[in-house]
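Here are some notes for a colleague who is meeting this structure for the first time. They are set out as numbered points, to be read alongside the sequence and the 3D view.

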There are 2 protein chains.
Amino acid sequence: MAGVSQSAVSRAFSPTASISARTRQKVLAAAASLGYRPNRIPAIMLSGRSYMVGVVIGGLQNPFYATALEQLATALRENGLQVMLMHVEDAVTLDSALDQLVSYRIDAVVTSLAIGSDTVVRALSQLGIPVVCFNSSRVGPWISTVNSNNHGAGLTAARLLAHNGIRYPVWLTGPVRNAASRARGEGFRQGLHDAGSPPAALSVLQGDDTYDSGYDAIARLKKRGVRPDGIFASNDMMACGAIDALRECMGLHCPRDVIILGYDNIPQAAWRSYDLTSFSQHTEHMVARTMELLDEALATQDTPLSRTYVVDAQLIERGSTGCAP
Amino acid sequence: MAGVSQSAVSRAFSPTASISARTRQKVLAAAASLGYRPNRIPAIMLSGRSYMVGVVIGGLQNPFYATALEQLATALRENGLQVMLMHVEDAVTLDSALDQLVSYRIDAVVTSLAIGSDTVVRALSQLGIPVVCFNSSRVGPWISTVNSNNHGAGLTAARLLAHNGIRYPVWLTGPVRNAASRARGEGFRQGLHDAGSPPAALSVLQGDDTYDSGYDAIARLKKRGVRPDGIFASNDMMACGAIDALRECMGLHCPRDVIILGYDNIPQAAWRSYDLTSFSQHTEHMVARTMELLDEALATQDTPLSRTYVVDAQLIERGSTGCAP
DNA sequence: TGTTGTTTTGCATAGCTATGCAATCTTTCA
DNA sequence: TGAAAGATTGCATAGCTATGCAAAACAACA
């Protein structure tokens, strides 16, 4: 229709191609009237690059991950990469999920999950697909990680409790398979130890990163007859559950009777009913680091990249630790 | 390596293909040892179907959309469809986003946004790409919608307020461009009218679907000197903001002084500090309807499908309207 | 064994674009 | 005007798999 060759059409849509302005104009005009849009699929076959990144996540109901996904998706798009989303709840389906991603020839994988089986890791290495992990500790030849400074935050939390003269601290932990949660707990113990708090004083409560599990954990604590005065929760949702349970089950008010710290600084932490002190994972930084890793890994396509970034979390002090709003 | 033709390899990975068990075994064994995985990209070129669905969303920080996305992604994967995620904040970028999706030859689009410009709609129609809208009212030849019964819920909310003898009702609305919010408001007005409440009694507050906007709206109300006794918020996050503002700015307690209803039934509505009565959009149903629409639209590829499903929302009564927990 | 029917296999092609290379056109300058 | 340099264009090909068709292998039966 534009009276030009197919090559010219291709070049008209490629900004860097050698083509005269007039020809490009003709092509674009014809394309517009025909509703033609270039098809990227053949280019994937030729170049071997799809410009699609597999994003594998779970637990979107945690606002922290929702926000992180939002920012990541935006950043990827700004860098000309598409997001192929994979929602995975259990490690079992992760394997098949990655298989599907691979069959679409994704360029890389970003995940907030602890990568499942070793089979997967080996498969990805064999295929030379770069992986970036968010807050998960898996290491390997093609795997890079971006973590917030979980251990450091644990230390800070412990110091804050010590500074407030806490005698009955509580560590409200997430699932054991959650590496980030484990690291926070280790930092917290370490910090308590450094402050001279006897290990026996620490109550450890197991949760599963949900509000309900935080609530229930405190209810269990009451049955044990423990009256806590300082709590560090591995995540804000559990912290909120704990705040409500303290008030409703134990009649304890925050921060008068007990001070609480959470992690993630989700929007709800700033809601007035909770007013929760929390560690803000600087997601912008973490996403930026992730993009750096992706760019580098995709540029040097055949050399495995394996780097670790640790981004400090920032303590946001609010009412739950006695800070005035 | 397996000593067979390329056709045989292709057939080995296709469950329905005509191939002997022995040959398939040989191929799969060789594939496993070579790390070979079938490449779906050429199949896209041949069949014209990519089995990828563009999912275009905004406002993931609203847990309702996060949950919906989660369920949608799961449902799509169970039906053998991939999710190409597109996060979009403003209608401006929507156009370019859709362009990108189209260039990857997605089979269909699911969106929770009011589709932007007419250009986009026309372009999608021309290309024959089916679109399913979540809670957005756009109509057109290739566009289907799955809505919750917003108007009906508005009626129900009004009836509940009337039943409680409310005299100073408030409608806390979302952005005007949000069709779902508008429909809820219309139902609410209608219901108040039906109950004999004078229109002048209704205060309308404009929010933007965030907690802060709900909080601020109530603060503005105080300045106006209005003392509300019943509030219907277009979304739970605004409702939570309102609850906190009522207590902090006006000294009003819920449900003693004022009763409140929200919409979406986000997890936080069940958190004890809010205990918010809300309308639950039956996301499972809505997602199931969406899948039905997609299946049908993809089966009859060249005939435009344009259907509307309305799914009733369920009133979940909690403490904010005086229900015992 | 010969015949027929069934299953399996390989051949060859299509699908659409990007790009190296050669050919053509345009510009510049002597 | 002619030549050389530069810009633009078209040709032809590659990329990997699914599938129709024909050939081949196999099974069943008389």
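1. A good place to begin is Ser20(B), where a backbone N or O atom lies 3.1 Å from a phosphate oxygen of DNA strand C. Please keep in mind throughout that this is a predicted model, and that the distances quoted in these points are computed from it.

2. Two further contacts with the phosphates of DNA strand C come from chain A, this time through side chains. A polar side-chain atom of Ser10(A) is placed 2.3 Å from a phosphate oxygen of that strand, and a polar side-chain atom of Tyr36(A) is placed 2.7 Å from a phosphate oxygen of DNA strand C.

3. Which residues come nearest to DNA strand C? Of the 22 residues around the strand, these are Ser10(A) and Tyr36(A) from chain A, together with Ser7(B), Arg11(B) and Thr23(B) from chain B. By class, the surface near DNA strand C is made up of 10 nonpolar, 10 polar and two charged residues. Looking from the side of the nucleic acid, 52% of the atoms of DNA strand C within 4 Å of the protein belong to sugar or phosphate, while the rest belong to bases.

4. As for the elements that supply this surface, helix 1 (6-12) and helix 3 (41-47) of chain A, as well as helix 1 and helix 3 (41-47) of chain B, each give at least two residues to the surface near DNA strand C. For DNA strand D, helix 1 and helix 3 of chain A and helix 1 and helix 3 of chain B likewise each supply at least two residues of the nearby surface.

5. DNA strand D is surrounded by 22 residues, the closest being Ser7(A), Arg11(A), Thr23(A), Ser10(B) and Tyr36(B). Sugar and phosphate account for 52% of the atoms of DNA strand D that come within 4 Å of the protein. The residues of the surface near this strand divide into 10 nonpolar, 10 polar and two charged.

6. Chain B approaches DNA strand D through several side chains. An N or O atom in the side chain of Ser10(B) is 2.3 Å from a phosphate oxygen of the strand, and one in the side chain of Tyr36(B) is 2.8 Å from a phosphate oxygen of DNA strand D. Gln6(B), by contrast, has a side-chain N or O atom 3.0 Å from a base nitrogen of DNA strand D.

7. Tyr36(B) also belongs to a nonpolar surface patch, which it forms with Met1(B), Phe13(B), Leu28(B) and Leu34(B), and the accessible area of the patch is about 510 Å² together. Met1(B) is found in the segment before helix 1 (6-12) of chain B, and Met1(B) counts as exposed because its relative accessibility is 72%.

8. In chain A, Leu34(A) is found in helix 2 (residues 21-34), and counts as exposed at 52% relative accessibility. Leu34(A) and Met1(A) are 33 residues apart in sequence and 9.0 Å apart in space, C-alpha to C-alpha.

9. Finally, the whole structure holds 16 salt bridges over all chains. One of them joins the side chains of Asp257(A) and Arg256(A) at 3.1 Å, N to O; Asp257(A) is buried at 18% relative accessible area, whereas Arg256(A) is exposed at 64%. Another salt bridge pairs Arg272(B) with Asp275(B), with the closest N and O atoms 3.5 Å apart, and these two residues are linked with Glu248(A) in a network of salt bridges.

Methods
Residues are numbered from 1 along each chain as its sequence is written. Chains are lettered from A and ligands numbered from 1 in the order in which they are written. This is a predicted model: local features need pLDDT of at least 70, side-chain atom pairs count only at pLDDT 80 or more; totals for chains, interfaces and linings use all residues. Side-chain values use heavy atoms; hydrogens and water are left out. Patches are made of residues with over 30% relative accessible area and no salt bridge: like charges are joined within 9 Å, nonpolar side chains (Val, Leu, Ile, Met, Phe, Trp, Tyr) within 5 Å. Accessible areas come from the Shrake-Rupley method with a 1.4 Å probe; for residues, only the protein chains shown count as cover. A salt bridge is a side-chain nitrogen of Lys or Arg within 4 Å of a carboxyl oxygen of Asp or Glu. Helices (H or I, at least four residues) and strands (E, at least two) are DSSP runs, numbered from the N terminus. Buried means under 20% relative accessible area, exposed over 50%, partly exposed in between (1.4 Å probe, protein chains only). A residue is near a molecule or strand if one of its heavy atoms lies within 4 Å of it. A polar contact is a pair of N or O atoms within 3.5 Å; within protein, one must be able to donate a hydrogen and the other to accept it, and residues adjacent in sequence count only if both atoms are side-chain atoms. Ala, Val, Leu, Ile, Met, Phe, Trp, Tyr, Cys and Pro count as nonpolar, Asp, Glu, Lys and Arg as charged, and the others, Gly among them, as polar.
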